[in-house]
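Biologist: Please take a close look at one residue in this model and at what it touches. Then go on from there to the rest of the structure, in whatever order makes the picture connect.

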Amino acid sequence: MAILEVEDIHTYYGDSYVLQGLSLVLEEGRILGVLGRNGVGKTTLVNSVVGFNPPRRGRILFKGQDITHTPSFATVRLGMGLVPQGRRVFPTLSVEENLKVAQGGNNRQRWTLNGIYELFPRLLERQRQRAKTLSGGEQQMLAIGRGLMTNPDCLIMDEPSEGLAPLIIRDVWDVISKLKREGLSILLVEQNVALALKLVDYVHVISKGTVVHSSGPEELWGNEEVKSRHLGI
Ligand SMILES: Nc1ncnc2c1ncn2[C@@H]1O[C@H](COP(=O)(O)OP(=O)(O)O)[C@@H](O)[C@H]1O
Ligand SMILES: [Mg+2]
């Protein structure tokens, strides 16, 4: 069953026409990858889905409900979690305070502080530290933890590997796999193709605000034309 359906959306920033008819379907319990070069509209897609920048045309359904014009706080209550690009943790709050501010978005009980600390033991070691003193990798863990604290059924992650050291990426990728095994549905937006393909069940490549290729991960890896033309590899 589909948990998230994006139907032919057209999204603008003022006069600037960014998403030019983009559609995708995320099946429940799967990881759908969205790949594309810098500036093709990946974050704009995320902003449209979570309600920061609704499309002018098209429709977005979450668990069958039309959320095209639902404000983001209400979308979070319905079970949509976000791990934004660039982490966006609150720099002067402690690790624990960052997690607590995300609590209580809805009535689900899946995630608690202890659960997050079990998933990311480093965050427990640093629970009283201000978020700005964490490494990039630790901030990414905190951003994921904060996204989980809203108890989502669907988690959108915008470039979680950006700027992280390979060893940390391994830890973060292990956690994402674990979340998938638990049944979480994930929209994984990435620029790092090789890393994304390790996790995803299915993948869309976007260019100029629309989907230009859709396939399983192996098929994309073998498609030199799409890789060189749309992904720069
Ligand atoms: N807040 C904004 N105002 C105006 N234009 C924007 C804004 N954010 C992004 N854009 C433009 O929209 C296009 C898509 O950007 P974005 O969705 O951030 O790309 P990606 O996440 O794929 O790198 C780019 O041309 C970018 O310059
Ligand atoms: Mg982006």
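Modeller: Leucine 231 touches Leu35, Gly36, Arg37, Val193, Val205, Leu220 and Val226, leaving aside residues up to four places away in sequence. This is a predicted model, and the contacts are computed from it. Leucine 231 sits in the segment that follows helix H10 (224-230). Its relative accessible area is 10%, and buried means under 20%, so leucine 231 counts as buried. Its C-alpha atom is 37 Å from that of leucine 93, a residue 138 places away along the chain.

One of those contacts leads on to the ligand. Arg37 touches leucine 231 and also belongs to the residues that surround ligand 1. The others around ligand 1 are Tyr13, Val18, Asn38, Gly39, Val40, Gly41, Lys42, Thr43 and Thr44. By type, this shell divides into 3 nonpolar, 5 polar and 2 charged residues. Backbone atoms come within polar contact distance of the ligand at several points. For glycine 39, a backbone N or O atom is 2.7 Å from an oxygen atom of ligand 1. For glycine 41, the corresponding distance from a backbone N or O atom to a ligand oxygen is 3.1 Å. At threonine 43, a polar backbone atom lies 2.9 Å from an oxygen atom of ligand 1. Ligand 1 on its own exposes 560 Å², of which the protein buries 57%.

The element that gives the most to this shell is helix H1 (residues 42-50), with 3 residues. H1 itself is mostly covered, with 8 of its 9 residues buried. These are Lys42, Thr44, Leu45, Val46, Asn47, Ser48, Val49 and Val50. Lys42 and Thr44 are thus in the ligand shell and also among the buried residues of H1. Just past the end of H1, glycine 51 has a positive phi of about 95°.

Next, the nonpolar cores. The largest holds 46 residues, and Leu148, Ile176 and Leu188 have the most contacts inside it. Helix H7 (residues 166-181) supplies the largest share of this core, 7 residues. Isoleucine 176 touches Ile31, Met157, Ile186, Leu188 and Leu199, again without residues up to four places away in sequence. A second core, separate from the first, has 25 residues, including Leu26, Val34, Met80 and Ile206.

Helix H7 also contains aspartate 174. At a relative accessible area of 46%, aspartate 174 is partly exposed, because that class runs between 20% and 50%. In space, aspartate 174 and isoleucine 60 are 30 Å apart, C-alpha to C-alpha, and in sequence 114 residues apart.

One loop residue remains. Glutamine 127 is in the loop between helix H5 (121-125) and helix H6 (136-148). Its relative accessibility is 19%, and the cut-off is under 20%, so glutamine 127 counts as buried. Leaving out residues up to four places away in sequence, glutamine 127 touches Ser94, Val95, Glu96 and Tyr117.

Notes:
Residues numbered from 1 in each chain as written. Chains lettered and ligands numbered in written order. Predicted model: local features only at pLDDT ≥ 70, side-chain atom pairs only at ≥ 80, totals over all residues. Heavy atoms only, no water. Near = heavy atom within 4 Å. Polar contact = N/O pair within 3.5 Å; in protein donor to acceptor, adjacent residues only side chain to side chain. Areas by Shrake-Rupley, 256 points an atom, 1.4 Å probe, with all protein chains shown as cover. Helix = DSSP H or I, 4+ residues; strand = E, 2+ residues; numbered from the N terminus. Nonpolar A, V, L, I, M, F, W, Y, C, P; charged D, E, K, R; others polar. Core = buried A, V, L, I, M, F, W, Y, C linked by side-chain atoms within 4.5 Å. Buried < 20%, exposed > 50% of the residue type's maximum accessible area, 1.4 Å probe, protein only. Contact = heavy atoms within 4.5 Å.
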